[in-house]
Amino acid sequence: MPGAVRVPSAGSAMLHEIAPRSGVAFTMEKGQRLTVIDPMGEQVADLLAFSRADTREVISSGRSLDYLSRIFLTVPDPLYSNRSNVLMRIVEDTVGRHDFLLTPCSADTFRIIYGDETPHRGCFGNLAAALEPYGIEPDRIPVAFNVFMNVPVDGTTGELKVLPPLSKAGDRIVLEAETDLIIGLTACSALQSNNGSFKPIHYRVD
Ligand SMILES: [Zn+2]
C-alpha cells in the first residue's frame with residue numbers, strides 16, 4: 001500500500017510525505033489539527049473524514065454546501081457530515097480555493113474523460129485501499145473535499161471547468177477535528193486537476 005514517508009520537519013510534529021499518485025489513511029483525535037501542504041505548487045489533495053464512533057458518518061458535500069449557501073469553502077467554514085454534525089472546521093487557509101463538488105478521480109474517470117485503456121486507480125482506488133483496514137468499503141466513499149482543486153462554475157449555465165490549482169509552493173490549509181476521525185488523504189492522480197504533472201503532498205497532525 002502506498003504509504004507516508006517521513007521527511008524532516010522544523011516543527012515538533014512529524015511532517016509526512018504522500019508520494020505522487022498515492023494516498024494514506026490515519027486517525028485524528030478531537031481538537032487535533034491537520035495541516036495539508038502543497039510543497040511544489042499546483043497539486044490537489046483529496047480529503048475524506050469519517051467519524052471513528054460510527055464510520056457510516058462521513059463528510060457530506062451536499063449538506064455542507066446547502067448549509068453554507070456557497071460552493072467555495074475557506075476559514076472558518078465547517079465540513080458537515082451526512083448526519084449534519086460538524087466533523088472538521090477550516091482554521092487556516094493560504095489559498096482560498098478548494099473544490100467540494102467532484103468525486104475522487106478513479107479508473108473510470110480516466111477511462112471516460114481521458115480515454116485511458118489501462119487506467120490508474122486514481123484517488124478513489126488509493127482511498128479505498130488506504131481505508132480498507134478501517135473497515136470502510138469503496139461504496140461508502142463520497143464526494144471528497146478536494147484541497148487546492150480549482151473548479152470554477154459559470155453562474156448562468158452551471159458549466160464546470162477544472163483549472164490549475166491556485167496553490168503555490170508552501171501553501172497550506174489547516175483543519176481542526178471536531179470529533180475523533182479517520183482521515184483519507186491523497187496526492188491526486190488526475191493530470192487536468194494538477195496542471196499536467198503529478199507531485200507529492202505533505203501533511204502533519206498537531
Ligand atoms: Zn484525484
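**Ile-183, helix H3 and the sheet around them**

Leaving aside neighbours within four places in sequence, Ile-183 is in contact with Ala-25, Phe-26, Met-28, Leu-34, Leu-48 and Ala-49. These contacts come from a predicted model. Ile-183 belongs to the largest nonpolar core, which has 49 residues. Ile-183 is also among the residues with the most contacts inside that core. The others named are Val-36, Ala-45, Leu-47, Leu-48 and Ala-49. Helix H3, residues 122-131, supplies the largest share of this core, 6 residues.

The overall fold comes next. The protein has 3 helices and 11 strands. Its radius of gyration is 16 Å, and the globule rule gives 17 Å for 206 residues. The two values are close, so the protein is as compact as a globular protein of that length. Along the principal axes, the C-alpha atoms fill a box of roughly 40 × 40 × 35 Å. Of the 206 residues, 42% are buried. Many contacts span long stretches of chain. Among contacts between residues at least 6 apart in sequence, 72% join residues at least 24 apart.

From the N terminus on, the elements run β-β-β-β-β-α-β-β-α-α-β-β-β-β. The UniProt record, an unreviewed entry, places the feature "domain: DUF1989" at residues 17-182. The end C-alpha atoms of residues 17-182 lie 18 Å apart. This span is 14% helix and 27% strand.

One sheet is described here in detail. Strands of a sheet pair through backbone hydrogen bonds, either parallel or antiparallel. This sheet is open, has 4 strands and shows antiparallel pairing. The strand order is S3-S10-S5-S8. Strand S3 (23-28) and strand S8 (145-147) stand at the edges. Each has a single partner strand, so one side of each is left without a neighbour in the sheet. On average, neighbouring strands of this sheet are turned by 25° against each other, direction ignored. S3 pairs with strand S10 (residues 181-186) in the antiparallel sense, over 6 bridges. Within this region, Val-24 stands opposite Leu-185 in S10.

Helix H3 packs on the sheet. H3 touches S3, strand S5 (45-51) and S10. The direction of H3 makes about 45° with that of S3. Is H3 enclosed by the rest of the structure or left open? In H3, 9 of the 10 residues are buried, so the helix is largely enclosed by the rest of the structure. The buried residues are Gly-122, Cys-123, Phe-124, Gly-125, Asn-126, Leu-127, Ala-128, Ala-130 and Leu-131. These buried residues pack against S3, S5, S10 and helix H2 (107-112).

A loop residue gives a further example of burial. Gln-43 is found in the loop between strand S4 (33-38) and S5. Gln-43 has 28 other C-beta atoms within 10 Å. A residue counts as buried at 20 or more, so Gln-43 is buried. Which residues does Gln-43 touch, not counting those up to four places away in sequence? They are Asp-38, Phe-148, Pro-165, Ala-187, Cys-188, Asn-194, Lys-199 and Ile-201. Gln-43 and Val-147 are 104 residues apart in sequence. In space, their C-alpha atoms are 8.7 Å apart.

Key. Residues are numbered from 1 along each chain as its sequence is written. This is a predicted model: local features need pLDDT of at least 70, side-chain atom pairs count only at pLDDT 80 or more; totals for chains, interfaces and linings use all residues. Helices (H or I, at least four residues) and strands (E, at least two) are DSSP runs, numbered from the N terminus. The radius of gyration is taken over C-alpha atoms; the globule rule is 2.2 Å times the number of residues to the power 0.38. A residue is buried if 20 or more other C-beta atoms lie within 10 Å of its own, exposed if 12 or fewer, and partly exposed in between; C-beta atoms are placed from the backbone. Two residues are in contact if their C-beta atoms, placed from the backbone, lie within 7 Å. A nonpolar core is a set of buried Ala, Val, Leu, Ile, Met, Phe, Trp, Tyr and Cys residues joined through C-beta atoms within 7 Å. UniProt positions are given in the numbering used here, feature names are shortened, and annotations may be inferred rather than shown by experiment. Two strands pair if DSSP finds at least two bridges between them. Axes are lines fitted to C-alpha atoms, for helices over the stretch in contact, and angles run from 0 to 180 degrees between N-to-C directions.
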